[in-house]
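Subject: Structure handover

Hello,

Here is the structure I said I would pass on. My notes follow below it.

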Amino acid sequence: MVAEMAKNHVDRPMKLGLYNARWGREKEATIIPSHGWGGRTLLGASIRFCRVDGVRDRMWRVMEVQPESPAFLAGLIPYRDWVVGSPDLVLS
């Protein structure tokens with residue numbers, strides 16, 4: 001779902017609601033998916049779908065962030081940030 005949303009926002013800002021597990025805080029990041037940053041993916045991040053006990057909705061864990069990628073520029077932190085929502089993300 002996050003990858004599909006990125007395809008719909010190429011070269012346009014996309015807001016993500018994030019939860020940082022280390023600091024126990026929520027934050028919002030604006031990321032601009034792009035083919036032009038030099039990598040193979042639009043975001044420059046590996047994000048894995050996860051189900052977490054006690055959490056009703058779906059979450060995606062940020063696993064890897066490529067240097068100078070849109071995810072890097074947006075401040076996503078691997079193994080600490082979880083994508084928990086977006087105004088453009090419809091969970092089904």
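The notes below go from the overall fold to the strands, the salt bridges and one loop residue.

Overall fold

Please keep in mind that this is a predicted model. The protein has two helices and five strands, and their order along the sequence is α-β-β-β-β-α-β. Of its 92 residues, 37% count as buried. The accessible surface is about 5800 Å², and carbon and sulfur atoms account for 49% of that. Taking the contacts between residues at least 6 apart in sequence, 51% join residues at least 24 apart.

Strands

Strand S4 covers residues 59–65, and five of its seven residues are buried, so the rest of the structure largely encloses this strand. S4 runs antiparallel to S3, with six bridges joining the two. In that pairing, Phe49 stands opposite Trp60 of S4. S4 also pairs with S5, again in the antiparallel sense, over two bridges. Here Arg61 is the residue that stands opposite Trp82 of S5.

Salt bridges

How many salt bridges does a search of the whole structure find? The search returns three. As background, side chains of opposite charge can pair when their charged atoms come close.

- Glu4 and Lys7: the closest N and O atoms are 3.3 Å apart. Both residues sit in helix H1 (residues 2–7), and because they are three residues apart there, about one helical turn separates them. Glu4 is partly exposed at 45% relative accessibility, while Lys7 is exposed at 52%.

- Glu28 and Lys15: the N to O distance of this salt bridge is 3.6 Å. The pair links distant parts of the chain, with Glu28 in strand S2 and Lys15 in strand S1 (residues 14–20), 13 residues apart. Glu28 is exposed, its relative accessible area being 55%, and Lys15 is partly exposed at 37%.

- Asp81 and Lys27: the side chains meet at 3.2 Å, N to O. Asp81 belongs to strand S5 (residues 81–85) and Lys27 to strand S2, so this salt bridge ties together parts of the chain that are 54 residues apart in sequence. Is Asp81 buried or exposed? Asp81 counts as buried because its relative accessibility is 0%, and the cut-off for buried is under 20%. Its partner Lys27 counts as partly exposed, at 30% relative accessibility.

Ser34

The last item is a single residue, Ser34, in the loop between strand S2 (25–31) and strand S3 (45–50). Although it is a loop residue, Ser34 is buried, with a relative accessible area of 14%. Which residues is Ser34 in contact with, leaving aside its neighbours within four places in sequence? They are Asp11, Thr41, Leu42 and Pro70. Within the loop region, the side chain of Ser34 reaches the backbone nitrogen of Gly36 at 2.9 Å. The C-alpha atom of Ser34 is separated by 9.0 Å from that of Lys7, a residue 27 places away along the chain. Lys7 is also the partner of Glu4 in the salt bridge described above.

Regards

Methods. Residues numbered from 1 in each chain as written. Predicted model: local features only at pLDDT ≥ 70, side-chain atom pairs only at ≥ 80, totals over all residues. Heavy atoms only, no water. Helix = DSSP H or I, 4+ residues; strand = E, 2+ residues; numbered from the N terminus. Buried < 20%, exposed > 50% of the residue type's maximum accessible area, 1.4 Å probe, protein only. Contact = heavy atoms within 4.5 Å. Polar contact = N/O pair within 3.5 Å; in protein donor to acceptor, adjacent residues only side chain to side chain. Areas by Shrake-Rupley, 256 points an atom, 1.4 Å probe, with all protein chains shown as cover. Salt bridge = Lys/Arg side-chain N within 4 Å of Asp/Glu carboxyl O. Pairing = 2+ DSSP bridges.
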